[in-house]
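Got your viewer open? Let's take a short walk through this protein, one selection at a time.

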Amino acid sequence: MDYPSSQFGVVMFRCTNELKGLAIDTDSFTDIPVEEWNRINERIKCVFITSDAGTEKSLVAAFGNEKVLYIPQFQMKLSPNRTTHKKVVNILKSANFDIAYVSGNYNFVKNARSFLSGSIWVKQTVDYRNTNILPDLIVDDIEDLLKAINENIYGFFGESILFPNSLDKGIILFVDFDANNNPIKLITAGRYFPSYHYMAQLHPYSRAIYLNKQTDKPYTGLFNEKFAGIYKNIINFLKEKTTIDGVCSVPVKPNKVDNFKYIIDKISKDCNIENYNDKFICIKDYEDQKALSSGERAENIIGVFQYNGDLTGKTVVIIDDIVTTGATLRECVRTLKKSGAKEVIAVVLAINQIGPTYWRATPLISCPYCGCEMILRVAGKGQNRGQFFYSCLNCFHSSGKNSTKKFKTAWKELSDNEDSKVEQIAIDENQIEENWRGNL
Ligand SMILES: [Zn+2]
């Protein structure tokens, strides 16, 4: 299937046509002539990063000294780091928020992801193992990058659709996912930042996914309609390329409420495909995956699902909200294939961003009264229902005063704040594993 780079209407907090500068990891691209870079440079201010003396020479000849940033080989491995970032910001004379890093190298993209700047990965196929730290935008090639800059693209389709005036374009990502030697396509509409991640409180999409599935809250199920819309868009897109016979979600444990019922029914009806959920069931009350490591998860889930029917020759879409290790999804695919399914395509709202971050952005949204970190929340009722705002739990608990800030106001403050910066953090893999278990 062709990878659609900018398929749907959409909005995130940053848009490609608002970008004021690009920092390009030139070494990660081969065979890109200077004229190609010049097409980008004519459109948007660029700084070219290289650790190769020959490349530096030809770039300087074409663009002048001030546009080329030479980084010694040994430092390039950790780039972009704080030192590189400072130089980049100086050269581009733009704020953190107005620039994006561009690279074809996943490690570079991973490091760049830790800044409050944008990150763009130039890559045609993405393997699931390279998705636990995803950039804001992924494009096929330089041509696609230029196209993205010329259009209003806000990153991932799902992440941007939560905003009311989202009329522009976003991407969905096709990922190669290996389900027990069954290679399938996993399509994601966005990223999920778990609560320990510094981005969690800055990312409405993650909060929406998290809050939507809480039980008995005013906001429970609040985003069902939007999420159904995301799945529907993707399935309709797939239907243009191939035959889709039916849809199902990951079966819930025996006697548990199915949070996906409304969404699955709606997708099945609106996309005019079969609903396989009645036949796809969970036959064992297995231990909660949240509390387990990735190895334990795979073990824990074996044989818990059953399909009571024949799927011979059928193409099945399985949907889920967040995919983490992929263990549950693998077992679902195995079960559906065992029942005859010709092809299984997974469509998820988000891939969990559980990878370690080497750099951390500060400050977060702070309370104007007490200075504590504010929490991103959503109004479950009233005239602002469905709207995001920041709230200080400390003030509320200590004085009963409900200190709040509008989402847009807080973002504006954050992006205007000259002190928004990055700091290196010590990586403690155990702590990350711990956080991961506790916060999914
Ligand atoms: Zn406060």
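**Stop 1: the zinc ion**

Select the zinc ion and show the side chains that hold it: Cys367, Cys370, Cys392 and Cys395 are its protein donors, each using its SG atom, at 2.2 to 2.3 Å. Keep in mind as you click around that this is a predicted model.

What arrangement do the four donor atoms make around the zinc ion? Their angles there run from 101 to 115 degrees, which makes it tetrahedral. Now look along the sequence, where the donor residues follow the spacing C-x2-C-x21-C-x2-C.

Next, pick out two of these cysteines. Cysteine 370 is in the loop between strand 20 (359-362) and strand 21 (375-378), while cysteine 392 is in the loop between strand 22 (388-391) and helix 13 (393-399), so the pair ties together parts that are 22 residues apart in sequence. Are they buried or exposed? Cysteine 370 has 35% relative accessibility, so it counts as partly exposed. Cysteine 392 has 0%, and because buried means under 20%, cysteine 392 counts as buried.

**Stop 2: a sheet of three strands**

Now select strands 21, 22 and 23. They form an open sheet in the order 21-22-23, with antiparallel pairing. Strand 21 and strand 23 (404-406) are the edges: each has a single partner strand, so one side of each has no neighbour in the sheet. Try turning the view, too: on average, neighbouring strands here are rotated by 35 degrees against each other, direction ignored.

Zoom in on strand 22 and strand 23, which pair in the antiparallel sense over three bridges. Here you'll find serine 391 opposite threonine 404 of strand 23.

Then add helix 8 (residues 204-212). This helix packs on the sheet, touching strand 21 and strand 22, and its direction makes about 60 degrees with that of strand 21. Add helix 14 (residues 407-416) as well: it lies across strand 21, strand 22 and strand 23, at about 80 degrees to strand 23.

**Stop 3: the two sides of helix 1**

Last, jump to helix 1 (residues 34-43) and show Trp37, Ile40 and Asn41, its buried residues. Look down the axis of helix 1: these buried residues fall within an arc of 100 degrees, so they line one face of the helix. Here's the general idea: an α-helix has 3.6 residues a turn, so residues three or four places apart point the same way.

Which exposed residues sit on the face turned away from the buried side of helix 1? Those are Glu35 and Glu42. To see what covers the buried residues, select, among others, strand 2 (21-25), strand 3 (45-50), helix 2 (53-63) and helix 6 (142-150).

Technical notes:
Residues numbered from 1 in each chain as written. Predicted model: local features only at pLDDT ≥ 70, side-chain atom pairs only at ≥ 80, totals over all residues. Heavy atoms only, no water. Donors = N, O, S within 2.8 Å, 3.2 Å for Na, K, Ca; no water. Tetrahedral: all angles 85-135°; square planar, octahedral: opposite > 155°, others 65-115°. Helix = DSSP H or I, 4+ residues; strand = E, 2+ residues; numbered from the N terminus. Buried < 20%, exposed > 50% of the residue type's maximum accessible area, 1.4 Å probe, protein only. Pairing = 2+ DSSP bridges. Axes fitted to C-alpha atoms, helices over the stretch in contact; angles between N-to-C directions. Contact = heavy atoms within 4.5 Å. Arc of directions from axis to C-beta.
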